[in-house]
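Reader: I have the sequence and the coordinates open side by side. Could you take me through them, one question at a time?

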There are 2 protein chains.
Amino acid sequence: MNNKGILIVVSGFSGAGKGTLMKALMERYDNYALSISATTRNPRNGEADGREYFFRTVEEFEKMIAQEELIEYAKYVDNYYGTPKAYVMEQLQAGKDVVLEIEIQGALKVKEKFPDTLLLFVTPPSAEELKRRLIGRGTETMDVIKSRLERAVEESQGMDKYDYLVNNDDFETCVQEMHRIIQAEHDRVFRNGDFISRIRKELEAMGKEQ
Amino acid sequence: MNNKGILIVVSGFSGAGKGTLMKALMERYDNYALSISATTRNPRNGEADGREYFFRTVEEFEKMIAQEELIEYAKYVDNYYGTPKAYVMEQLQAGKDVVLEIEIQGALKVKEKFPDTLLLFVTPPSAEELKRRLIGRGTETMDVIKSRLERAVEESQGMDKYDYLVNNDDFETCVQEMHRIIQAEHDRVFRNGDFISRIRKELEAMGKEQ
């Protein structure tokens, strides 16, 4: 019932299909906005500033950190990645449910800053299936696959910090399930404090009228 | 993803439409079971034991209390009403989502005993609409309507103890919303401990294999 936007963080094992899921959500439903990250890495062919990423220099990025313009950020190898606050807030205020796709450490930082954040963890139905999908991509060396699976062991330790598990077994079912979770979440009592206050006041006023 | 049954308590203002909602849920979806209450009141015309209620003598009922066979019970005027545990457990074990329709005190007692219980509160969109529906029924005296509205003021104080608010504005939307909430709830992390343990073990075993 609440029409205010919800901040959603989606994490999950590499190979669980997060990217494709996010894409499908954005295409099929008009209540979502995908957060755009800022990064100091160079644009790749075909990437546009403000579409795939906000491309920033190290100086610009560090200024954003200093001015607390990022919801969370992290450094991988030599590049910064972060979530600019302004865009997210704008979309939430416009009533959009804003989806961030970030890993677990970032997810927990976001939840700490914004306790109303909804944390979703996308998982394949089994470890065997995860391995099959990573191999099936055909784009990764066995070394990369091995390191992804090792990382999955670590990531699985954090699964119970999330609010919901999304089992990406059948893709179509999974898209709908994800949408259903997020929509149901709008009805949570703690997201509807305004409604509760209003109807309480109305009922009390009605009692006095009689 | 979890197929274990969920225990659901539905409460709400008298006149919010709980009864009709429950009926629609049961008719349309086959994953629900409506809990049947036990009572010491006499059967009315057309009521059958084990369908509308389990009709019991005071002695039988008090024995059920003593033997802890009730999830919760209360006495209204001279009659006992309660929720027999056996039927609920049976249905949950069969994978059904079991719905109890009880008022707030009972709801909180159930949640205390079974912390995984899902608490839903059904509300009309406004106090004005609640009054309109109570009057519209045409079956109640203005005195009864007045006392129901007074009770609604009290009940509204407990709304924030619930997990979800279900706004019964448009009936069809509301039935679907209720179903969506309950289905999404199956994906909650705390209801999927078994899945999480399993995939963790699988991933660890896979790591050792390599």
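Author: Sure, and keep in mind that this is a predicted model. A good way in is A:Thr83: setting aside neighbours within four places in sequence, its contacts are A:Ser35, A:Glu69, A:Leu70, A:Ile71, A:Glu72, A:Val88 and A:Leu100.

Reader: Which strand is A:Thr83 found in?

Author: Look at residues 79-84 of chain A, where A:Thr83 sits. That run is strand β6.

Reader: And is A:Thr83 buried or exposed?

Author: The cut-off for buried is under 20% relative accessible area. A:Thr83 has a relative accessible area of 1%, so A:Thr83 is buried.

Reader: Which side chain does the side chain of A:Thr83 join in a polar contact?

Author: One name from the contact list matters here, since A:Glu72 is among the residues that A:Thr83 touches. The polar contact between the two side chains is 2.6 Å, and the partner of A:Thr83 is A:Glu72.

Reader: Zooming out, how far apart are the C-alpha centres of the two domains of chain A?

Author: Domain 1 of chain A takes in 1-31 + 97-210, while domain 2 covers 36-94. Twelve residues of domain 1 are in contact with ten of domain 2. Their C-alpha centres are separated by 21 Å.

Reader: How much area do domain 1 and domain 2 of chain A bury between them?

Author: Interface size is often quoted as the accessible area lost when the parts come together. For these two domains of chain A, 69% of the buried area is on carbon and sulfur atoms. The total is about 940 Å². On the domain 1 side, the residues losing the most area to domain 2 are A:Val98, A:Lys113 and A:Phe114, with 40% of what that side buries.

Reader: Which element gives the largest share of the domain 1 side that touches domain 2 in chain A?

Author: Across this interface the rule finds zero salt bridges, but four residue pairs are in polar contact. On the domain 1 side, β7 (97-101) and α4 (104-113) of chain A each give two or more residues. The largest share is four residues, and it comes from α4(A).

Reader: Now the two chains: how much area do chain B and chain A bury between them?

Author: The contact takes 45 residues from chain B and 44 from chain A. Carbon and sulfur atoms hold 63% of the buried area, and the total is about 4100 Å².

Reader: Which residue of chain A forms a salt bridge with B:Arg200?

Author: The count between chain B and chain A is two salt bridges. In the one made by B:Arg200, the closest N and O atoms are 3.1 Å apart, and the partner is A:Asp160.

Reader: Which element supplies the largest share of the chain B side that touches chain A?

Author: Besides the salt bridges, the rule finds 19 residue pairs in polar contact across the interface of chain B and chain A. The elements of chain B giving two or more residues are α5, α6, β9 (164-167), α7 (171-185) and α8 (193-209). Ten residues make up the largest share, and they come from α8(B).

Reader: Which helix of chain A do the buried residues of α5(B) pack against?

Author: In α5 of chain B, residues 127-136, the buried ones are B:Ala127, B:Glu129, B:Leu130, B:Lys131 and B:Leu134. Within chain B they pack against α6 (142-157), and in chain A against α8 (193-209).

Technical notes: Residues numbered from 1 in each chain as written. Chains lettered and ligands numbered in written order. Predicted model: local features only at pLDDT ≥ 70, side-chain atom pairs only at ≥ 80, totals over all residues. Heavy atoms only, no water. Buried < 20%, exposed > 50% of the residue type's maximum accessible area, 1.4 Å probe, protein only. Contact = heavy atoms within 4.5 Å. Domains from an automatic or database assignment. Buried area = accessible area lost by both parts, 1.4 Å probe. Salt bridge = Lys/Arg side-chain N within 4 Å of Asp/Glu carboxyl O. Polar contact = N/O pair within 3.5 Å; in protein donor to acceptor, adjacent residues only side chain to side chain.
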